[in-house]
Amino acid sequence: MRTRIRTYATAATVVAAATAGLTLPAAAAAPAQTVSDFNADGYADLAVGVPDGTVNGKAKAGYVNIVRGGPKGIGAHGSIRVSQATPEVPGTPETGDRFGASVALVDTSGDGVAELLVGAPGEDVTGRGTDAGSVVAVGGARGGPGPGSVVLNGPSASAAFGLAVASADLTGDGSRDIVIGGKDKVVLRTADGIHTTVVTAPMGGHAPVLAVGDFTEDGTADLAIGYWTTTPFTQSHVRLWAWDATGHAMVNTWNTDNAGVSALAAGDFDGDGHDDLALGECREIADENIDDPCGPEEIAEGGGIHVHYGNATPGSFGYRQQTLNQDTVGVMGVAEAGDRFGAALAVADSNDDGRDDLIAGAPGEAIGTRAGPRAGAGAGAATLLFGGPTGLVDARGEGHSVGYQQDTPRVPGVAEAADAFGAAVATGDYDHDGKADMAVGSPGENAGSGGVWLLPRASANGSSAFTPAELGLPSPSGALAYGRYLSSQ
C-alpha cells in the first residue's frame, strides 16, 4: 500500500477529510495502515455512515458508526457511535438531518490519529432554512471522540450541503482544503476559511461525484467532479478543476461531456507515476454527436468502467483511454442490464506490484436466479481488477480480476435478491499487517438492515461479516441500510 494525495469517492462516500475551524498544517507522510486510525490504537478503522438511523427518538437524524480495527481486522473489536447527541459534536439530532450521508476518516495533522468528516444534508440551519445542510469535523482521540466543529453550513434552504465531501491540498499552500457538494453546487473551503464556488449547475437532485488527484502534473492536487441531470434538459459532465493562484479560484482544465457516472477513482493503474481517473458505471446520458464519452456503447451494458490515463506531458491528460465491463475477457461475470458494474469504486495496490488495483462494486448483479429489479439492487458482487503495465486492460485487450459475492467459497452469507452487495467498497490495512484489506457494504442484507464484509488482504481467505445487531446498534423502526456509506483512505 502507498500513501498518496489523491482520493476517490462516490456521491456519498468520502475518502479524505480535514479538521474544521482551523488552518490545517500539511499532513506529514504517515504509514498507510494508520491514516484512518480514529481511536489512536495503531489500527486503521472504518467509518460507516448511517443517515437513516434514529437518534433520541428522531427518525433519520443519523449517526456514524466507527468500527475499530485490530489484530482480527474490523468487526471483531467493537465500535462506537458518533452523532449530534455526542457531547463533542455540534448540533442537535433532528428528524431528517441524515447525519452520516457522507463520511471520511483521515489523519490531517500527521500525528497518527484520524479526524472524522461528516455531512448532514438534511440539517436545518437557523436563518438559512430547511435542509440547508452542514458538514462537521470531529477529532479522533484515545478512548472516544475529540472536539468537533462546523466546517460549513449551506447558504439557503434545500442547498443540502454535505451530500458529498472530499479534501486535499488543492491550493498548493501546504494546508488541506475541503470540497463540499450539495444540490446543484460544489464549494471549496480553503484552509484559511475562504469559501469559493467551484461550479453551480443543474444536477437533477443527484449528489455530485468527487475525486482528487494530480491530473495536471504540477505536484498539487486537482479536483474531479461528475454530475448529470435530465432537467431542464439532459446533460452530463465529468470535469477537472485546478487552482489558479492569480485569480484565487478553481479553473476548469479538462472535460468529457455526456458521460454520466456513479463513482470516480484516482489511481496509478499502469505504475508510471502519473494519476489516472476511473469513471465508474459510465454511460452516455445524452447523445449530442459526441463520440462515445464512455468508450464503445456496447461496453456500457450493465455498467462500464472508462479510464483516462495520465502521463508526463502537461495538458495531455486523458488522451490514452481504456474501457472494460463484465464482458471483457478476464473480467468476472457477464454484463447484464441493471448490474450497475462500477457503481462504487476504491483503489489499493493489493498485490504490492507497484501498480494500483481497482475494486468495483456491482450492487445490481444477479447471482443465479437471485436478481433484483432491473432498475434496483440485485444480490450484488464486487470485483478486484488488477493494474498492469498497460493499466486495467492488457496489450491483448484483456482484464485480470477476482470476483467476490456471498456465494463465493469461504465468503460468509448467502446471495439473496436485493442484498446489494457491493453498493459501497473501501480499503484499509485494518489488521496492521502491511497489506490492503477490502470492506464491502451490503445495505440490503437482512431485509434492509444491512451489513459489511471484510476480505483480509483482498482475499476470501479468512473473510468475515458484521451486522448492526452484532455490533449492538439499536434496532430502528425502519431499515438502516447499514453499509451503504463507507469511508476509505
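## Glu 297 and the negative patch

Glu 297 sits in the loop between β19 (276–284) and β20 (304–309). The model described here is predicted. Together with Asp 291, Asp 292 and Glu 298, Glu 297 forms a negative patch on the surface. A residue enters such a patch only with over 30% relative accessible area and no salt bridge.

## The chain as a whole

The secondary structure consists of one helix and 30 strands. Of the 489 residues in the chain, 60% are buried. The accessible surface of the chain is about 16800 Å². Carbon and sulfur atoms contribute 50% of that surface.

Contacts in the chain with a separation of 6 or more were also sorted by distance along the sequence. Among these contacts, 57% are between residues 24 or more positions apart.

## Salt bridges

The chain has nine salt bridges. One of them pairs Arg 239 with Asp 257, with 3.6 Å between the closest N and O atoms. Arg 239 belongs to strand β15 (residues 235–244) and Asp 257 to strand β16 (residues 249–257), so this salt bridge ties together parts 18 residues apart in sequence. Asp 257 is partly exposed, because its relative accessibility is 24% and the buried class ends under 20%.

Two other salt bridges involve the neighbourhood of Asp 352 and Asp 353. Asp 352 meets Lys 435 at an N to O distance of 2.5 Å. This pair links distant parts of the chain, 83 residues apart. Its Asp 352 end is in the loop between β22 (344–348) and β23 (357–362), while Lys 435 is in the loop between β26 (424–428) and β27 (437–441). Both ends are partly exposed: Asp 352 has a relative accessible area of 35%, and Lys 435 stands at 27%.

Asp 353 forms a salt bridge with Arg 355, and here the closest N and O atoms are 3.8 Å apart. Asp 353 is partly exposed, with 30% relative accessible area. Arg 355 is also partly exposed, at 24%. Elsewhere in the chain, Asp 394, Arg 396 and Glu 398 are joined in a network of salt bridges.

## Backbone features

A cis peptide bond connects Thr 231 to Pro 232, with omega at about 0 degrees. Pro 232 is located in the loop between β14 (222–229) and β15. Strand β15 is also the one that holds Arg 239 of the salt bridge with Asp 257.

Asn 56 is not a glycine, yet its phi is positive, at about 50 degrees. Asn 56 lies in the loop between β2 (46–50) and β3 (63–67). With 63% relative accessibility, Asn 56 counts as exposed, because the exposed class covers values over 50%.

A positive phi also occurs at Asp 352, where the value is near 55 degrees in a residue other than glycine. This is the Asp 352 that forms a salt bridge with Lys 435. Asp 352 is placed in the loop between β22 and β23, and it is partly exposed at 35% relative accessible area.

## A buried alanine

Ala 263 is part of strand β18 (residues 263–267). Its relative accessibility is 0%, so Ala 263 counts as buried. Ala 263 and Gly 342 are separated by 79 residues in sequence. In space, their C-alpha atoms are 7.0 Å apart.

Note on methods: Residues are numbered from 1 along each chain as its sequence is written. This is a predicted model: local features need pLDDT of at least 70, side-chain atom pairs count only at pLDDT 80 or more; totals for chains, interfaces and linings use all residues. Side-chain values use heavy atoms; hydrogens and water are left out. Helices (H or I, at least four residues) and strands (E, at least two) are DSSP runs, numbered from the N terminus. Buried means under 20% relative accessible area, exposed over 50%, partly exposed in between (1.4 Å probe, protein chains only). Contact means heavy atoms within 4.5 Å. Accessible areas come from the Shrake-Rupley method with a 1.4 Å probe; for residues, only the protein chains shown count as cover. Patches are made of residues with over 30% relative accessible area and no salt bridge: like charges are joined within 9 Å, nonpolar side chains (Val, Leu, Ile, Met, Phe, Trp, Tyr) within 5 Å. A salt bridge is a side-chain nitrogen of Lys or Arg within 4 Å of a carboxyl oxygen of Asp or Glu. Lys and Arg count as positive and Asp and Glu as negative; His and the chain ends are not counted. The place of a charge is taken as NZ of Lys, CZ of Arg, CG of Asp or CD of Glu.
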